[in-house]
Amino acid sequence: MVNRGMIESRHSETEHAEMIRTIGIASAEQLFADVPKPLRFPSLDLPEPLAEADLARELRGQARRNTPIEDRPCFLGAGSYRHFIPATVDYVLQRGEFYTAYTPYQPELSQGMLQAMFEYQSMICQLTGMEVSNASHYDGATSLAEAILLALDATGDARDRIVMSPAVHPHYREVATTYLQGTNAEILVPDDPAIAASGLLPFVDSSTAAVVVQNPNFFGLSEQIDGLAQVVHGLGALLIVVSDPIALGLFQPPGAYGADVVVADGQPLGLPPNFGGPSLGIFATRREHIRRLVGRVVGETADTEGRRGYVLTLATREQHIRRERATSNICTNSALGALAAAVYLATLGKPGLREVAELCFNKSHYAAKQISAIPKVKVNANAQGRDFFKEFVIELTRPARDVNAILLEDHEIIGGYDLGGSFPGHENQMLLAVTELNTRAEIDNLVHALAGVVS
Amino acid sequence: MTNTSPKHTEPLERTLYEQSVAGRRAITLPKADVPDAPLPDAQLRADNGLPELSESQIVRHYLRLSQMNFGVDSGFYPLGSCTMKHNPKINEQLARLPGFASIHPLQDAATVQGALEIMHGLQEALKEIGGFAAASLQPVAGAQGELTALLMIRACHADRGQAHRDRILVPDTAHGTNPASARMAGFLAVEIPSDARGNVDIDAVRAACDDRLAGIMLTNPNTLGLFEERIGDIVELVHAAGGFVYGDGANMNALTAVVRPGELGIDVMHFNLHKTFATPHGGGGPGSGPLGAGARLAEYLPGPVVEHDPAADPRYRFARPERSIGRMTAFHGNFGMLVRAFAYIRALGAAGLRTNAADAVLNANYLRGRLKSEYPVPFDRLCMHEFVSEGRPEGSSARAIDISKRLMDFGFHPPTNYFPLIVREALMIEPTETETKETLDAFAEAMLQIAAEARDAPEKLREAPHATPVSRLDEVKAARERIVTDRAARGSDGEIG
Amino acid sequence: MGGKIGLKGTDGLADEAVRLGATPIAADRALASLKPLKALISGRRMERDLDWVTCSGAMGGDALRITSFESIEIVHQASSPTTVDDTVQAVQSFLEAGVDLILFCGGDGTARDIATATAKTVPILGIPSGVKMYSGVFGITPERVAKVVFAFLEGRVQAAEADLLDLDEERYRCGEWVIRPVGSALTPFEPTLTQTAKAFAVEASEAQAKAEIADDLRDQISACRDTVFLFGPGTTVQSVAEHVGVEKTLLGIDAFLNGRLVERDLNERAILRLLGDKKNAVLVLSPIGAQGFVLGRGNLQLSPEVIRRIGTGNIVVVATPAKLQRTPVLHFDTGDAALDRELGRNGYLSVVIGYHLRRMVPVG
C-alpha cells in the first residue's frame, strides 16, 4: 500500500500515476474538489483497523458472550424457531456464484438463481395451496404488512379497515401498524386474546378490506377456520392467513380453506435464528391478484433458440397499480433465504417435512401433558379442548420472567416466551415451543425444573 | 458454450419436480422418542406437494445451477448504483459462529450481550461516519430505510401541527424506489429536473418550496455519479421552507470518511450495508438499510435500538426512541448483516474507509477517461464512484442493451442499463475500489472493441450473448404467459392436496 | 421487423403557408429526415424489409431516390402545382397499398388534410416544414423524425392520439391569429421510460399514464365538493376525463360539479355566468404538445377575466411524461402580460404527471 497523505490507494505508484494521467488531473486530491472544503476529510473517531486474525479474535470473543440455543435445551419460539438444518443448505449458500450475485437483472448470467427461485415459488405454492408466490419478502411481519396493502387495493376505496385477530404475532401487528401510517387505513384488533377466529366476524362490515388470522396462532392453537373464508368473502373482504411453513407439511393448506393471501416467516425452513434476521418472508396469493403481487417474481420462458429459461417477470406491476395504497417499494428481498428454504424443502422432501411436523406435534403434546401434571401449573388454560401444533401456553404461580431466570441459571434451559411482554396481565404466562430437536430427556428435565420452581 | 442446433427441447437443468421420483429421500429424521399424540384427522392434508429426491441429486442440481450464475466472486460486476465490491470471506465465517447465528431474538438481554455490543458498536460507527445524532438498525433494505425515514418526517410534521405538509421533492435522477416510497408514506412526489451540469435544478427546488413542502429526497452523489455542487444551498432552501432533507445513502461508498452527510445538513439518511459495507447481495437479498438521524428527527427513529449504560446490569439493552414511529421488522433488523458490516468497519478503521472512497472514485474516473471517446458522457465532469455513458457508439445503431449483452461474452457483468432515465441509452458504470487496474483495463479494452464491432460487425452485438448457457430470453412471452410455478408449466407436481 | 411507409413530400405550393400569402419554403426538409433514417437502418434486416409508396417527383419519389432507398413504388402522379386534392388522393392510394405509417412534409393544414383522409386508420408523422406546426403529429426536428421512424420500424413505439390544431382562418381574415383545436390523429408516440425499482426501466403506455393522472384528479375532485371543475380542450384532458368517468367534448370547455356534467362547450360569457360571484372553480388544462402553450392557443374562451375569476392558483395542469418529453418548456399567452407574469411567477409550473406525482416544468 502506498501512502499519499490523505489519499491512499491499492494501486502501485506507477499504476496510480498512469490513472491520474488518464483522468487528466494533477493529483488525486482534485477528485474530491466538489466536496465543500471545510467539511472535506473529517477526522473520524473510529477504533484502529484490525488485521484479519485480530478481527477474528475480537468477534469470536463477542460471540462467546452470547448464549447460543444450538446445543442446549431451548423452548423459546414465538416467531423464531430452533429446527434442524440439513448440511445441504449451507453447502449451497456458500457457493460464491449465488451469494455474491445481485438481483438477477441479466437473465443470461443468472439462470441458476432464477431457476432456484422458480422452484422455490413452485414449492411455496404447493405448501400454501396458492397459485402464485413471489421470490420472497423480508420477513413474516413485512409480508403481512404488504398483504394488507394488497387487500386495501383489491377491495377499493371504500374499505379502509383491517380486522386482525389478537392472536396474530404482536410484533407483526406492530409492523403492519407502522406500514399503514402513510394511509388512512386502520387495524381493528378485538381485546380478548382468547377470541376464536369466528369471533372476529361481528367486527367485519362494509368498510373491512381484510380479515387477518394466524394459524396455528401466536399461542400455538389451531384456529377453527372452516367456513370463515366464505363469510368473509360474502362481506366483500379478503382473508389473509399468517401460517407456519412447518405445519403445512402436515396440515391443510390455507388455500384449501379459502385464504386469499398466505404469508409466513420462512426462518423455520433451513435458516438459523440469526437473532431475528435475516429471515425470509413468504408471500403467496391467488392468480387473480398476480398483478398486485409485490416484489420479484420469476417466470418461465424460452431463449431465441427455443431453449427453456427463466426471467424476472411482471416487473412493471408496482408502477401499474395506480392507487397509492397498493404501491410497494420493495427492491432488495431475501433471495438467499429463499434459496435456503428451497434447498431445505428439497432435502426434507414430501415425507420429511411431514415427519418434522409430526415430531413437533408429538413432542409438544408430550411436553404439554407432562407439564399439565405439575400441580398449580395450567396448560392452555384459556383454550381448553382446542388443538395446538408445536407451541402452547403455561400458566405459573409466579412471573414467567423469574421462572426463566431460574431455568437458565440452575438448569441451563432456555425457557419460553414471557407473554407479559406483549400482553399486560399475562405476566405469569409463558409460551413454550417444542420442536423435533427437543429430546425427551430435555423435556423431562424442563418438567422437573418447572415442578421445582413452582413448588 | 455456443448454441449450434436450432431448437433445444431439453432444458439445461431439469427442475426439482422433473427429477422427483416417489419414494426417494435425502434425509431421515430421528425416531420419535415420545408417544404419538392423536392427530386431528379433519385438519390433515393428504399430500404436501413437495418433490422427492436423493441427497446427491440435490447437491448436483444446485451445483449445476450455481455454475449458471455470475457473482462478484466470478468476475467484474460494474453494476451502477449497486456497489458490487468484493465481500471479505472472513465476514462469512464470523457471521456463522453459533454465538451469532444461533441466538434467538427473544432471549434475555443478559444472554446476548456480545450481540448487543456489536449492534451498539455499529450504531456508533454509523453515527460517526454519517455525522448523525442517533442511528437505528431496524430497516432491512434500502427501500425500507427510505420508507422509514419518510414516515419519521411525516410523524414529526404531524407532531408540530404541520400535517398538511404532503409534498416530497424527488430529483429526476432518483432511484425508482424514491417516488414509490414517497407514495407509500402518503406523500405526493414532486419531480425536480436536473440542470445542465447534472445537478438538481435549484430554481425548480425554490419554486416548489411552499407551505406544503414536507421534504426532499437527495441522493449524493447522485445517480449520474456527480456530487451535488450546490447541496448547501438546497439544504438551506428546504430547511427555510420548513422541510426536512432525507439522504438516500445508496451511493455512500464515494464519501465514507470524505464528508459526513449530517454535516452537509442531511436530517435523516439510510445506509446500504450491502453496498457500502460489503455485506453480500445474496442474489437479491438480504440487505440492510440502517438509518442515521440528526437531532431533530432522532427521537422518531424506529425501535428497538440498543442503549449502553456502563453502570447498569446488563450494560447493553434494547430501548425505544422517545417518539419512535414503531417497528419495521419482526425483531431487530438483519442482525447477520450487521455482524458482517461491523466486522468490515472494524477491520478498515477510518483510514481504510477513506482509502475505499478514494480508490472507488479513482477507478471510476479512470474508466470514464478510458471510455468517453467511444461512449460519450453527457455530464462530463469529474465523477465520484460511478459515471453514466451513452451506450450508442458513433456511427452505429447499437443500443445499450446490445453492448451489455455482448460484454457477457468477454466475461464481464454488464453495467446498469437505461438508468438514470435522463440519459439516453444509459450505461451506468460503477467499478468499486476492489478492482485492480488490470481488470479495469481489460474491461475498457472489451468496451472499445465492442464499439468497433458495433460499426463493423453489428450482428455480433445484436445476437449476443454467445457464450452464456442461454441466449437472449423472451421477456414478453414470460409476461404474457405468466408461468410462475412448475405446476403451471408442466403439471408435474400433481394436485395440491 | 420492417414495414411499408407512405411518403408525401411537398413542393411547398399546396401548403397553407401559400394560402396565407407566406413565402414557400424549400422541400429539402424531407431529405433532412430521410438521410439519417437511411443511415440508421443501413445494414439491418429492416432495410430489406422496408417498402416505400410515394408520389411522383418533388412530392416524394425524388427524395427517396436521392437517399438511395430501394423499394419505391410511385402510387400517385402529382399535378403541378399540387393541390389539396392531390393530398387526399395520395393518402387514398397509400391506404390502398396498406401502409403502416404515413410520413409527410408540411404544416398544420397538411396534417389536417391527411388526418381527415386517414380517419385514424394509420398513424401519421409530420416532418416539420410548414409555417404553423402546432399539432402533436410533428417531430421536433427532421433528424428526430428519423429516429422516431426507426423506433417505429423496430416496433418500439406505439400509436397514440395527438391533438390537431390549426389557424382559425375566418378570424385570421379579420386580423386575428387564433389557433384552435380541430381534431385528433394517430401518431407514433415514443413511450416514456418509467422506473420501477432501481435498475429497471420499463416502458409505460400513454393510456396507463392518463389513467394514473385521472386517479389523481379523482382524488382532487372528491376533496373539493361543490367546486366547479372546468375541463379544457384536447385529447389529454378528454381521455383523463374519460378515466375520471365523465364524458367530455374533445374541443370544448365543459363544466362538471360533483362528478356531474353542468354544461358543455362553454364560451367566455357562459363560464363567467356559470361561476357567478361565489362558486369555487378548478380549471384542468394540458399544454399543447411540443410548443407548450397552456393558455392562449386553442382555448381563447379562457380570457384573462375568466382566469382571474377562477384564480391563478386553481389551475391544474396535466400532461403525460411522454408529452412533456416533447414539450420541455411551457408558455402562457393570455394577451394580458401581467397575468402571464403572474401565472409563470415561479419560473416553473407543477404539472400532474401521474398518481400523486408532479413534475416542476420550466415556464418560458
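Reader: How many bridges join strand β13 of chain A to strand β15 of chain A?

Author: In this predicted model, β13(A) covers residues 391–395 and β15(A) covers residues 429–433. The two strands run antiparallel, and E391(A) stands opposite A433(A) in β15(A). The number of bridges joining them is five.

Reader: Which strands stand at the edges of the open sheet that β13(A) and β15(A) belong to?

Author: The sheet has four strands in the order β12-β13-β15-β14 (chain A), with antiparallel pairing. Two of the strands have a single partner strand each, so one side of each is left without a neighbour in the sheet. These edge strands are β12 (378–379) and β14 (417–418) of chain A.

Reader: What angle does the direction of α10(A) make with that of β13(A)?

Author: Helix α10(A) spans residues 335–372. α10(A) packs on the sheet and touches β12, β13 and β15 of chain A. Its direction makes an angle with that of β13(A) of about 10°.

Reader: Which strands does helix α11 of chain A touch?

Author: Helix α11(A), residues 400–411, also packs on the sheet. Its direction makes about 50° with that of β15(A). The strands touched by α11(A) are β14 and β15 of chain A.

Reader: Which residue in the loop between α11 and β14 of chain A has a positive phi?

Author: The residue in question is other than glycine, and its phi is near 55°. Its place is the loop between α11 and β14 of chain A. The residue is E412(A).

Reader: Are α10(A) and α12(A) roughly parallel or roughly antiparallel to each other?

Author: Helix α12(A) covers residues 440–454, and its axis lies 10 Å from that of α10(A). The two helices pack at an angle of about 25°. Angles under 35 degrees count as roughly parallel. The relation of α10(A) to α12(A) is therefore roughly parallel.

Reader: How many nonpolar residues are in the contact of α10(A) with α12(A)?

Author: On the side of α10(A), the contact uses K363(A), Y366(A), A367(A), Q370(A) and I371(A). These meet R440(A), I443(A), D444(A), L446(A), V447(A) and L450(A) in α12(A). By class, the contact has one polar and three charged residues, and the number of nonpolar residues is seven.

Reader: How many residues does the contact take from domain 2 of chain A?

Author: Chain A is divided into domain 1 (87–343) and domain 2 (349–454). The C-alpha centres of these two domains of chain A lie 29 Å apart. The contact takes 22 residues from domain 1 of chain A, and from domain 2 of chain A it takes 24.

Reader: Where is the proline that follows N215(A) across a cis peptide bond?

Author: The peptide bond from N215(A) to P216(A) is cis, with omega near -5°. P216(A) is found in a loop of chain A, the one between β6 (208–215) and α8 (228–234).

Reader: Which residue does a cis peptide bond join to G277(A)?

Author: Omega of this bond is about 5°. The proline at the bond has its place in the loop between β8 (261–265) and β9 (281–285) of chain A. The residue joined to G277(A) is P278(A).

Reader: Which strands of chain B stand at the edges of the open sheet in the order β10-β12-β11?

Author: The sheet of chain B has three strands, and the pairing is antiparallel. Two bridges join β11(B) to β12(B), residues 426–429, and T416(B) stands opposite M428(B) in β12(B). Each edge strand has a single partner strand, so one side of each is left without a neighbour in the sheet. The edge strands are β10 (387–390) and β11 (416–417) of chain B.

Reader: Which helix of chain B lies across β10 and β12 of chain B?

Author: The helix covers residues 335–371 of chain B. It runs at about 15° to β10(B). The helix is α10(B).

Reader: Is the crossing of α5(C) and α6(C) right-handed or left-handed?

Author: Helices α5 (residues 84–97) and α6 (residues 108–118) of chain C pack at an angle of about 40°, with their axes 9 Å apart. α5(C) and α6(C) are therefore oblique to each other. Their crossing is right-handed.

Technical notes. Residues are numbered from 1 along each chain as its sequence is written. Chains are lettered from A and ligands numbered from 1 in the order in which they are written. This is a predicted model: local features need pLDDT of at least 70, side-chain atom pairs count only at pLDDT 80 or more; totals for chains, interfaces and linings use all residues. Side-chain values use heavy atoms; hydrogens and water are left out. Two strands pair if DSSP finds at least two bridges between them. Contact means heavy atoms within 4.5 Å. Axes are lines fitted to C-alpha atoms, for helices over the stretch in contact, and angles run from 0 to 180 degrees between N-to-C directions. Angles under 35 degrees count as roughly parallel, over 145 as roughly antiparallel, 65 to 115 as roughly perpendicular and the rest as oblique. Ala, Val, Leu, Ile, Met, Phe, Trp, Tyr, Cys and Pro count as nonpolar, Asp, Glu, Lys and Arg as charged, and the others, Gly among them, as polar. Domain bounds come from an automatic or database domain assignment. A crossing is left-handed if the near helix is turned anticlockwise from the far one by less than a right angle, and right-handed if clockwise.
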